[in-house]
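Visitor: Please take me through one part of this model in close detail. I would like the core and the strands beside it, then the ligand site and a few residues worth a look.

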Amino acid sequence: MNNKTSGVVGFLGLGVMGREMARNLAEAGFTVHAFDVIPTAGDALRQFGIEIMPDIPSAVTDADIVISMLPDTPQVEEIVSGTNGLLAHPPRGKLFVDMSTIAPDATRKFSQALAAAGITMLDAPVSGGPVGAKNGTLTIMVGGEASGFAQATPFLQAMGTTLNHVGASGAGQTVKLCNQLICGINIQAICEALALARAWDIDLVQMREVLLGGSAASWMLDKLAPAMIEGDVSAGFRIDLMMKDLRLVLEAAQKHPVPLPATALVATQYQNAQAYGEGSNGNQALFKVYDRLTGQNNRN
Ligand code: NAD
């Protein structure tokens, strides 16, 4: 199974990210048996030869590798130790790669329980969003045993272009949480800059272009600021998911006490967005918090 174009993947979670990652695996030549709790979630994947299975056991039992892309820690716990989970229905290849963003300490606990049953678990969260998932250009941060990383690499290469083994179990999740901390604070900084510039009647479109040429340039300024300026809140990484990640960051910082004042402040801004019913909007909708704070709206 270890050459690039053969092997059976059991893929769990066919949401915004997972459906594109599963498609890339199928297009790379792997056999994909997929499952989502929403029975219709994988309908559009059948045209790529992906078989949509009725439950977890039928998706994982014949798999050389099981990959999950689920919302949060409780869903991963369910597929590890639930009645239909991997401990009860071990996959043939004894390799499980969780690519969701979840808690690092829970990851270690799952990994230990699976190791006792002879199953290797890697944590391999991603950065790059739906566009990276679609194009197979995700950045993947992997924690767990080096031998498992070597075994999973051909599969990960079908989904991402930057693969890094960053340490033992949980290390991938910790690095991902640091990524989210930086992204959240950066988004907040852009909101503040746009709000200040708007109050001083600056052309926001031009300002973004100018700043992209200097030391304030960032992925967020490049990709999210246009939607903030236009008031397009629809697409992208949801406010609810970012709030989940900031919660995981703050929980991790409580366990090994590290003060994160800026992250805590940004989390409050995200809660403000959620309180106004914007949880299913994209991250860029954080700028609407500044509409309320400033009583201004550049989109009227
Ligand atoms: P999503 O909510 O769109 O998809 C999750 C899918 O998992 C849903 O289709 C849901 O029905 C399914 N699911 C839930 N419980 C399940 C179970 N027990 N078995 C099988 N399927 C189950 O979320 P997403 O945007 O695809 O994100 C998935 C993960 O990737 C999250 O942890 C998120 O934080 C992370 N992530 C997302 C992005 C992004 O831009 N959307 C970027 C990087 C990382």
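Guide: What follows goes from the core to its strands, then to the ligand and three single residues. Keep in mind that this is a predicted model.

Start with the core. The largest nonpolar core holds 33 residues. Phe11, Leu25, Val97 and Met99 have the most contacts inside it. Several elements give two or more residues to this core. The strands among them are β1 (8-12), β2 (31-35), β4 (65-68), β5 (95-98) and β8 (138-143). The helices are α1 (18-27) and α6 (146-156). Apart from this core lies another, of 28 residues. Leu194, Ala195, Met220 and Val266 are among its members. As a general point, nonpolar side chains in soluble globular proteins tend to be buried together.

Now take Met99. Neighbours within four places in sequence are left aside here. Its contacts then include Met21, Ile67, Ser68 and Met69. Met99 also touches Ala124, Pro125 and Val126. Ile140, Leu156 and Met159 are further contacts of Met99.

Next, β8. Five of its six residues are buried, so the strand is mostly covered. β8 has pairing partners in β7 and β9. Strand β7 (residues 126-127) pairs with β8 in the antiparallel sense, over two bridges. Ser127 has Thr139 of β8 as its bridge partner. Strand β9 (residues 160-167) runs parallel to β8, and six bridges join the two. Here Gly143 has Gly167 of β9 as its bridge partner. Add α6 and there is a larger motif: β8, α6 and β9 make a right-handed β-α-β unit.Now the ligand. There are 25 residues around it. Val16, Met17, Asp36, Leu70 and Lys244 come nearest. A polar backbone atom of Val37 is 3.5 Å from a nitrogen atom of the ligand. Leu70 places a backbone N or O atom 2.9 Å from a ligand oxygen atom. For Arg238, a polar side-chain atom lies 3.2 Å from an oxygen atom of the ligand.

Three single residues remain. Thr101 is in the loop between β5 and α4 (104-116). Its relative accessibility is 11%, under the 20% limit, so Thr101 counts as buried. Leaving aside neighbours within four places in sequence, Thr101 is in contact with Pro71, Asp72 and Pro125, among others. Gln173, Lys176 and Leu177 are also contacts of Thr101. So are Lys244, Asp245 and Leu248. Lys244 has already appeared among the residues that come nearest to the ligand.

Move to helix α3 (residues 73-81), where Thr73 has its place. Thr73 counts as buried because its relative accessibility is 14%. With neighbours within four places in sequence left aside, Thr73 is in contact with Ile102, Ala103, Ala106, Phe110 and Leu248. Leu248 is thus a contact of both Thr73 and Thr101.

Glu77 is in helix α3 too. Glu77 has a relative accessible area of 34%, so this residue is partly exposed. Not counting residues up to four places away in sequence, Glu77 touches Gly82, Lys109 and Phe110. Phe110 is also a contact of Thr73. For a wider view, take Glu77 and Asn272: they are 195 residues apart in sequence, and their C-alpha atoms are 29 Å apart in space.

How values were computed. Residues numbered from 1 in each chain as written. Predicted model: local features only at pLDDT ≥ 70, side-chain atom pairs only at ≥ 80, totals over all residues. Heavy atoms only, no water. Core = buried A, V, L, I, M, F, W, Y, C linked by side-chain atoms within 4.5 Å. Buried < 20%, exposed > 50% of the residue type's maximum accessible area, 1.4 Å probe, protein only. Helix = DSSP H or I, 4+ residues; strand = E, 2+ residues; numbered from the N terminus. Contact = heavy atoms within 4.5 Å. Pairing = 2+ DSSP bridges. Right-handed = clockwise from strand over helix to strand, strands pointing away. Near = heavy atom within 4 Å. Polar contact = N/O pair within 3.5 Å; in protein donor to acceptor, adjacent residues only side chain to side chain.
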